[in-house]
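Got your viewer open? Let's take a walk through this protein, one selection at a time.

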Amino acid sequence: MPTAPVKEFLDRERVRDISKPVIEIASPLLKEVVNYATNVLDKCQSSKKADKEEAFPLLALYAHIIQMADSAEVLISNGCGPPGYLLLRSSYEARLSIRYLLEQDTDKRSVAWLIKYYDDEITYLEIMDPTNPKGKEYRERHKDDDIYKIAGPPSLRGIAEQVAELRTKLNQPSFAGVYAEYKKQKTKNRPYPEWYSLFNGPTSLKKLAEHFKEGAIYESLYRLWSKTSHANEATDAFFIRNPIPIVEVS
């Protein structure tokens, strides 16, 4: 027989019953928003403007928000609200990125997003390549990890070809000016610059939020969502026996 949960710790039916008034409003609303958004995305990516590479970041970020909202609806409809913070956090980051892309110099900023994306992909692929110096260093550094005992070192096929294709994209003439700025920002002390930091842009997500006068939202909401993401949130641990008292500072 399937294992039954300890009701004191996990009572799905009770939570759904308590949350029913909220679920009955939020679930259909979110479904409608998500469904409508898919139609908007379809029209956008079917337009002539979507043919150029610079259109991809906006479409990808919008699709990401749709996926996060759809997942949040599934959680809410099943009475699992707190994990939704992770989805809200991710959606908020995507929304800020979209605002920054559309604010001005959209094509230039889209190229910056693409360069960051391609460069990150190259970094990942190179450490998966056992013939690459970065891959060799990665394997040596993690050779004692438990996962190696089970699956062995990670390896992907066709890595050299994928990296070559990505480098071709990075070095296309239309990317030259932005790529030069990116390489200037990419230093030993700052190996992974944010795409929006190029050309004297905000250097962190916090500063990006402040750029749009959303510092209060970042401090009051995003930080709360981040605590859940980084597993240091205790306010929702109500089901633990004899929990550590939560001290609220007024």
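Start with the whole chain: of its 250 residues, 31% are buried. Keep in mind as you look around that this is a predicted model.

**The whole view**

Switch to a cartoon display. What do you find in the way of helices and strands? The protein has ten helices and zero strands, so following the sequence from start to end gives you the pattern α-α-α-α-α-α-α-α-α-α. Turn the model along its principal axes, and the C-alpha atoms fit a box of roughly 60 × 50 × 45 Å. Now try a surface display. The protein exposes about 16,700 Å², with carbon and sulfur atoms supplying 57% of that area. One more thing about the fold: take the contacts with a separation of 6 or more, and 63% of them involve residues 24 or more positions apart.

**Stop 1: before the first helix**

Select Val6, Phe9 and Leu10. These residues make a nonpolar patch on the surface, and together they have about 240 Å² of accessible area. Zoom in on Leu10, which sits in the segment before helix H1 (12–45). Leu10 is partly exposed, at a relative accessible area of 38%.

**Stop 2: from H1 to Ser77**

Move along to Ala26, a residue in helix H1. Is Ala26 buried or exposed? With 19% relative accessibility, Ala26 counts as buried, because the cut-off for buried is under 20%. Now add Ser77 to your selection. Ala26 and Ser77 are 51 residues apart along the chain, yet 8.1 Å separates their C-alpha atoms.

**Stop 3: two helices crossing**

Show helix H2 (residues 56–77) together with helix H4 (residues 106–127). At what angle do H2 and H4 pack? The angle is about 70 degrees, and the axes are 8 Å apart. Angles from 65 to 115 degrees count as roughly perpendicular, so that is the word for H2 and H4. To see who meets whom, turn on side chains: Phe56, Pro57, Leu58, Ala60 and Leu61 are on the H2 side, while H4 brings Thr106, Ser110, Trp113 and Leu114.

**Stop 4: two backbone surprises**

Here is some background for this stop: most residues other than glycine have a negative phi. Select Asp105, in the loop between helix H3 (84–103) and H4. Asp105 is not a glycine, but its phi is positive, at about 45 degrees. This residue is partly exposed, with a relative accessible area of 46%.

Then jump to Phe199, in the loop between helix H8 (176–185) and helix H9 (205–211). Phe199 is another residue other than glycine with a positive phi, near 55 degrees. Its relative accessible area is 35%, which makes Phe199 partly exposed.

**Stop 5: charged pairs**

Side chains of opposite charge can pair when their charged atoms come close. How many salt bridges does the structure hold? There are 19, and a few of them are worth a visit.

Pick Arg95 and Glu214 for the opening pair. They form a salt bridge whose closest N and O atoms are 2.7 Å apart. Arg95 belongs to helix H3 and Glu214 to the loop between H9 and helix H10 (215–229), so this bridge ties together parts 119 residues apart in sequence. Arg95 is partly exposed, at 33% relative accessible area, whereas Glu214 is buried, at 7%.

Next, select Lys186 and Asp119, whose side chains meet in a salt bridge at 2.6 Å, N to O. This pair links distant parts of the chain, 67 residues apart: Lys186 is in the loop between H8 and H9, and Asp119 is in helix H4. Check the surface again: Lys186 is partly exposed at 31%, while Asp119 counts as buried at 7% relative accessibility.

Now go to Glu219 and Lys206, which meet in a salt bridge of 3.4 Å, N to O. Glu219 lies in helix H10 and Lys206 in helix H9, so the bridge ties together parts 13 residues apart in sequence. Glu219 is partly exposed at 36% relative accessibility, and Lys206 is partly exposed with a relative accessible area of 31%.

For the last selection, choose Lys7, Asp11, Glu13 and Arg16. Salt bridges with shared partners join these residues into one network.

How values were computed. Residues are numbered from 1 along each chain as its sequence is written. This is a predicted model: local features need pLDDT of at least 70, side-chain atom pairs count only at pLDDT 80 or more; totals for chains, interfaces and linings use all residues. Side-chain values use heavy atoms; hydrogens and water are left out. Patches are made of residues with over 30% relative accessible area and no salt bridge: like charges are joined within 9 Å, nonpolar side chains (Val, Leu, Ile, Met, Phe, Trp, Tyr) within 5 Å. Accessible areas come from the Shrake-Rupley method with a 1.4 Å probe; for residues, only the protein chains shown count as cover. A salt bridge is a side-chain nitrogen of Lys or Arg within 4 Å of a carboxyl oxygen of Asp or Glu. Helices (H or I, at least four residues) and strands (E, at least two) are DSSP runs, numbered from the N terminus. Buried means under 20% relative accessible area, exposed over 50%, partly exposed in between (1.4 Å probe, protein chains only). Axes are lines fitted to C-alpha atoms, for helices over the stretch in contact, and angles run from 0 to 180 degrees between N-to-C directions. Angles under 35 degrees count as roughly parallel, over 145 as roughly antiparallel, 65 to 115 as roughly perpendicular and the rest as oblique. Contact means heavy atoms within 4.5 Å.
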